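Please look over the model shown here with attention to its interior, its surface and its helices. The report below starts from one residue and widens to the chain as a whole.

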Amino acid sequence: MGHNMADVVRLRSRPCVSGQKYIERRRQEEQDRRKDILAAITIQTWLRGLRVRAYMRYLHDAATTIQRHWRGFFQRKSFHVLLRNALHTRNMEFYNCKAFNIQKIWRGYYVRKYVHNYYARKIYLETLMVANQITRIQLKEIVGSKACEWDRRFRESDEQRMDRLACRTHYLVSTRQIPGIYNSPFLKEPMDMERRLIEARPRINAERFLISARNSTRDWTEMSYQKPCSIPHIRAKKPQGPFLEQSQIWRHRLKPLEPTLRVATSFTSAEEAALEQKREEWRTRVIDDAFLPFANHRKNKKYEPLLQTSCAFGSIDYGTHHFRDTDTTKNISKKALAYTWKLEDGRRSK
């Protein structure tokens with residue numbers, strides 16, 4: 001209250017100014033006041049930012065220190081685990097290598113001493129080599145003897161062929177008047193065929209006649225009953241493709257008939273068996289009513305009717321639908337159904 005009165009006294013003591021100047025002065029004061037406020041805000045903002053940044057830097061440094069110590073501790077712990085595992089793996093590899101060498105040496109010693117004797121094997125191989133050499137020598141001798149035998153046979157066959165040729169061409173032998181074609185006067189000496197013609201004995205007509213007569217006096221009755229020789233099989237190249245051998249084809253064609261059960265049995269065998277079973281049940285059944293036992297342990301047991309019954313209890317599908325069932329309505333012809341009816345009527349009449 002005192003300050004306000006002092007302000008009023010001060011204002012009254014001042015000289016009177018015009019209203020326009022007063023408004024200008026108030027506007028200038030307001031602008032100065034706003035500049036001062038903005039300056040103060042700027043100073044406060046800079047100071048507070050400086051303090052906050054210093055505090056955040058301190059927090060970051062503290063967090064970095066904590067993370068550094070924790071990560072170092074964790075990595076050292078993990079490194080110790082990795083180092084322990086690596087050392088264990090290296091030791092196991094070292095021990096396995098040593099155990100492998102020990103096993104290799106022991107197994108080699110055991111096999112050489114008890115299973116595969118080196119010296120015995122060496123003696124066996126030397127003996128085998130000697131036996132192979134002997135076998136080779138024998139085979140060479142056999143091959144040589146076979147070659148000599150074939151050569152001898154070839155020469156003998158050649159000699160026989162040349163002798164037969166000389167017998168057939170004996171008329172080409174040289175005479176006193178005319179030399180033969182194998183004894184030309186322009187040659188220094190006769191050819192070898194000339195010697196063969198001289199040594200060969202030609203076939204006379206009498207011998208040929210005797211040979212033909214001997215062949216003509218065979219038993220024709222025996223010849224009429226002789227089995228004619230079969231024509232040899234032509235060994236043609238096997239055709240390319242999935243074709244069977246001729247023997248397999250003939251074996252398949254000449255195989256006896258082996259009908260299946262469906263073909264071997266009657267077409268109406270299922271109906272006949274059902275009728276026969278139905279008559280057998282009807283003959284052995286005493287009463288059609290269900291038997292109701294008065295024992296408590298069988299009170300709730302379901303009644304099991306017979307297979308082919310036609311009473312009020314009905315029939316089950318066992319034997320008709322489960323194994324073999326025929327639908328007679330799908331037959332093309334009604335002969336089988338009529339035959340079944342006749343068969344059933346005939347058996348009932350009996």
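Ala-200 touches Ala-166, Cys-167 and His-170 in this predicted model, when residues up to four places away in sequence are not counted. Ala-200 also belongs to the largest nonpolar core, whose five residues further include Ala-166, Tyr-182, Met-193 and Leu-197.

On the surface, Trp-106, Tyr-109, Tyr-110, Val-111, Tyr-114 and Val-115 together make a nonpolar patch of about 660 Å². Tyr-114, one of these patch residues, is placed in helix 2, which runs over residues 19–115. Because its relative accessible area is 54% and the cut-off for exposed is over 50%, Tyr-114 counts as exposed.

Helix 9 covers residues 269–284, and since its 16 residues at 1.5 Å a residue should span 22 Å, the 22 Å between its end C-alpha atoms agrees with that expectation. The buried residues of helix 9 are Ser-269, Glu-271, Leu-275, Arg-279 and Glu-281.

For the chain as a whole, the elements are 10 helices and zero strands, so that the order from the N terminus on reads α-α-α-α-α-α-α-α-α-α. The remaining chain-wide values are gathered in the table.

| Property of the chain | Value |
|---|---|
| Buried residues, as a share of the 350 residues | 8% |
| Contacts joining residues at least 24 apart, among those between residues at least 6 apart in sequence | 59% |
| Exposed area | about 33,400 Å² |
| Share of the exposed area supplied by carbon and sulfur atoms | 60% |

Technical notes. Residues are numbered from 1 along each chain as its sequence is written. This is a predicted model: local features need pLDDT of at least 70, side-chain atom pairs count only at pLDDT 80 or more; totals for chains, interfaces and linings use all residues. Side-chain values use heavy atoms; hydrogens and water are left out. A nonpolar core is a set of buried Ala, Val, Leu, Ile, Met, Phe, Trp, Tyr and Cys residues joined through side-chain atoms within 4.5 Å. Buried means under 20% relative accessible area, exposed over 50%, partly exposed in between (1.4 Å probe, protein chains only). Contact means heavy atoms within 4.5 Å. Patches are made of residues with over 30% relative accessible area and no salt bridge: like charges are joined within 9 Å, nonpolar side chains (Val, Leu, Ile, Met, Phe, Trp, Tyr) within 5 Å. Accessible areas come from the Shrake-Rupley method with a 1.4 Å probe; for residues, only the protein chains shown count as cover. A salt bridge is a side-chain nitrogen of Lys or Arg within 4 Å of a carboxyl oxygen of Asp or Glu. Helices (H or I, at least four residues) and strands (E, at least two) are DSSP runs, numbered from the N terminus. The expected span of a helix is 1.5 Å times one less than its number of residues.
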